[in-house]
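Dear colleague,

Please find below the structure that I am handing over to you. My findings follow it, arranged by topic.

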Amino acid sequence: MNTTAYIRWAFAVLWLWSGVQPLLTAQAQALSLLAAVGIAVPWQMPLLWSASLLDIALGIWLLLKSGRAVWAAQAVVTAVYSLVIVFRLPETLSHPFAPLLKNLPLLAVMVWLASGSDGLRKAAS
């Protein structure tokens, strides 16, 4: 298995768990975050389900096929999620574990692979 395949599988697990986990174990916390972002109560559950299904769809897409489109789609979703958090929950920027900052290297890899670069093994040498 080449380096890109490992990255693809790792991202697939990340997206699948990100989609499933809020629905299974953290629904109240996820709804609370949506409220903090300013989402009205009637829209919170549909948005939670929509975001979860989008994350799951990205994970499945990665399991089935890798290519520029799936990496670009992930980059767009990650950028949108991150921008919403930055502007609507700016307190996350001072979180001691820097959860938002961790999106930066993930986004860099997504953009790199979306650009058609498959030279991770060469770059690591």
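**Tyrosine 81 and its surroundings**

Tyrosine 81 is partly exposed, because its relative accessible area is 28%, a value between the limits of 20% for buried and 50% for exposed. Please note that the model is a predicted one. Tyrosine 81 is placed in helix α4, which comprises residues 68-88.

Which residues does tyrosine 81 contact, leaving aside its neighbours within four places in sequence? They are Trp15, Ala51, Leu54 and Asp55. As for asparagine 103, its C-alpha atom is 9.7 Å from that of tyrosine 81, and the two residues are 22 apart in sequence.

**Helix α4**

The length of α4 can be checked against expectation. Its 21 residues, at 1.5 Å a residue, should span 30 Å, and the C-alpha atoms at its ends are indeed 30 Å apart, so the two values agree.

Within α4, the buried residues are Val70, Trp71, Gln74, Ala75, Val77, Thr78 and Ser82. These buried residues pack against three helices: α1 (3-24), α3 (41-64) and α5 (103-114).

**The aromatic pair**

The count of aromatic pairs comes to 1. Phenylalanine 11 and tryptophan 71 form this pair in an edge-to-face arrangement, with 5.3 Å from centre to centre and 85° between the planes. The angle counts as edge-to-face because it is over 60 degrees. Since phenylalanine 11 belongs to helix α1 and tryptophan 71 to helix α4, the pair ties together parts that lie 60 residues apart in sequence. Both phenylalanine 11 and tryptophan 71 are buried.

**Helix α2**

I turn finally to helix α2, which covers residues 27-37. Its buried residues include Ala30, Leu31, Leu34 and Val37. Where do they sit around the axis of α2? They cover an arc of only 115°, and therefore lie on the same side of the helix. On the other side of α2, Ala28 and Gln29 are exposed.

The buried residues of α2 are covered by parts of the structure that include α1, α3 and α4. After α2 comes glycine 38, which has a positive phi, near 110°.

**In brief**

Two of the points above may serve as a starting place for your reading. Helix α4 carries the partly exposed tyrosine 81, and its buried residues pack against α1, α3 and α5. Helix α2 has Ala30, Leu31, Leu34 and Val37 buried, with Ala28 and Gln29 exposed on the other side.

With kind regards

Notes: Residues numbered from 1 in each chain as written. Predicted model: local features only at pLDDT ≥ 70, side-chain atom pairs only at ≥ 80, totals over all residues. Heavy atoms only, no water. Helix = DSSP H or I, 4+ residues; strand = E, 2+ residues; numbered from the N terminus. Buried < 20%, exposed > 50% of the residue type's maximum accessible area, 1.4 Å probe, protein only. Contact = heavy atoms within 4.5 Å. Expected span 1.5 Å × (residues − 1). Phe/Tyr/Trp six-rings, centres within 6.5 Å; stacked < 30°, edge-to-face > 60°. Arc of directions from axis to C-beta.
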